[in-house]
Amino acid sequence: MATKPYIANKSRILFLLQYLHDNTDNEHTISTNDLLALLEENGFQANRHTLRGDMEALNSAGYEVITEREGKTNTYHCGNRKFDLSELKMVVEAVASSSSIDTDKRKELVGKLSSLTSKHMADQLTSYDITESDKKKIIKERDDER
């Protein structure tokens with residue numbers, strides 16, 4: 001049985017939302033042509049007009065998708081995030097330096113926090129592989145600031 005068009009459209013919009021959230025940010029955009037190729041590679045039918053409509057639908061639903069003109073093409077990226085990078089770094093540092101959380105749980109929590117931003121920004125967060133000596137250093141620096 002063939003997929004009904006409205007279900008395919010919803011699936012495409014959800015795919016776009018997930019891709020933009022995971023792979024784009026202010027410094028990492030995707031062009032219209034690249035996005036259309038990505039959609040086709042993943043079994044979705046789209047053209048420039050449907051893509052524009054999908055981006056409008058995401059924006060209308062409260063997901064900020066930034067469209068910028070670069071030369072003759074548009075580029076897109078995820079605009080709004082629950083936390084900006086500096087806020088995530090603070091939370092990750094607090095988790096990573098916590099003496100009440102064991103190492104495996106700290107790594108798990110840092111991984112979960114990293115999923116709140118693009119993979120490019122997450123790379124800056126996952127470098128928090130905290131050893132006991134690093135943890136003591138962070139705590140000392142924090143105490144010195146107080």
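Begin by selecting Arg-69 and Asn-74, whose side chains make a polar contact with each other at 3.2 Å. Keep in mind from this opening view onward that the model is predicted. With Arg-69 still selected, look also for Lys-72, whose backbone oxygen lies 3.3 Å from a polar atom of the Arg-69 side chain. Arg-69 is found in strand β2, and it counts as exposed because its relative accessibility is 57%, where exposed means over 50%. If you then measure from its C-alpha atom to that of Ser-31, you should find a separation of 9.4 Å, although the two residues are 38 residues apart along the chain.

**The hairpin and the sheet**

Now widen the selection to residues 65-70, which make up strand β2, and residues 73-78, which make up strand β3; the two pair in the antiparallel sense over six bridges. Within this pairing, Glu-68 of the selection stands opposite Thr-75 in β3. Together β2 and β3 form a hairpin with two residues between them, and in the turn you can pick out Gly-71, which has a positive phi of about 65°.

Add residues 30-31, which are strand β1, and the whole sheet comes into view: three strands form an open sheet in the order β1-β3-β2, with antiparallel pairing. The edge strands are β1 and β2, each of which pairs on one side only. Between β1 and β3 the antiparallel pairing runs over two bridges, and here the bridge partner of Ser-31 in β3 is Thr-75. Thr-75 is therefore a useful residue to centre on, since it stands opposite Glu-68 and is also the bridge partner of Ser-31; strands of a sheet pair through backbone hydrogen bonds, either parallel or antiparallel.

**The loop before β1**

Next select Asn-26, which has its place in the loop between α1 (5-23) and β1. Is Asn-26 buried or exposed? With a relative accessible area of 55%, Asn-26 is exposed. When residues up to four places away in sequence are not counted, Asn-26 touches His-77 and Cys-78, and a polar contact of 3.2 Å joins its side chain to that of His-77. The C-alpha atoms of Asn-26 and Tyr-76 are separated by 9.2 Å, while the two residues are 50 residues apart along the chain.

**Helix α3**

Move on to residues 48-60, which form helix α3; this helix has 13 residues and reaches 18 Å from its first C-alpha to its last, close to the 18 Å expected at 1.5 Å a residue. Which residues of α3 are buried? They are Leu-51, Asp-54, Met-55 and Leu-58, and because they cover an arc of only 100° around the axis, they are placed on the same side of α3. Turn to the other side of α3 and you will find His-49 and Ser-60, which are exposed. At the start of the helix, select Asn-47 as well, since a side-chain oxygen of this residue reaches to within 2.8 Å of the backbone nitrogen of His-49. Following α3 there is Gly-62, whose phi is positive, near 100°.

**From Ser-98 into helix α5**

Select Ser-98 next, in the loop between α4 (85-96) and α5. At 15% relative accessibility Ser-98 counts as buried, and its side chain is joined to that of Ser-100 by a polar contact of 3.0 Å.

Further along, Asp-102 caps the N-terminal end of α5, with a side-chain oxygen lying 3.1 Å from the backbone nitrogen of Asp-104. Helix α5 itself takes in residues 103-114, twelve residues in number, and reaches 16 Å from its first C-alpha to its last, close to the 16 Å expected at 1.5 Å a residue. Its buried residues are Arg-106, Val-110, Leu-113 and Ser-114. Looking down the axis of α5, you will see that these buried residues fall within an arc of 100°, so they line one face of the helix.

**Stepping back to the whole chain**

Finally, clear the selection and show the whole chain, in which there are seven helices and three strands, following the pattern α-β-α-α-β-β-α-α-α-α along the sequence. Of the 146 residues in the chain, 32% are buried. Among the chain's contacts with a separation of 6 or more, 62% are accounted for by residues 24 or more positions apart. The chain exposes about 9,600 Å², and carbon and sulfur atoms supply 50% of that area.

Terms used. Residues are numbered from 1 along each chain as its sequence is written. This is a predicted model: local features need pLDDT of at least 70, side-chain atom pairs count only at pLDDT 80 or more; totals for chains, interfaces and linings use all residues. Side-chain values use heavy atoms; hydrogens and water are left out. Two strands pair if DSSP finds at least two bridges between them. Helices (H or I, at least four residues) and strands (E, at least two) are DSSP runs, numbered from the N terminus. Buried means under 20% relative accessible area, exposed over 50%, partly exposed in between (1.4 Å probe, protein chains only). Contact means heavy atoms within 4.5 Å. Accessible areas come from the Shrake-Rupley method with a 1.4 Å probe; for residues, only the protein chains shown count as cover. The expected span of a helix is 1.5 Å times one less than its number of residues. The arc is that of the directions from the helix axis to the C-beta atoms. A polar contact is a pair of N or O atoms within 3.5 Å; within protein, one must be able to donate a hydrogen and the other to accept it, and residues adjacent in sequence count only if both atoms are side-chain atoms.
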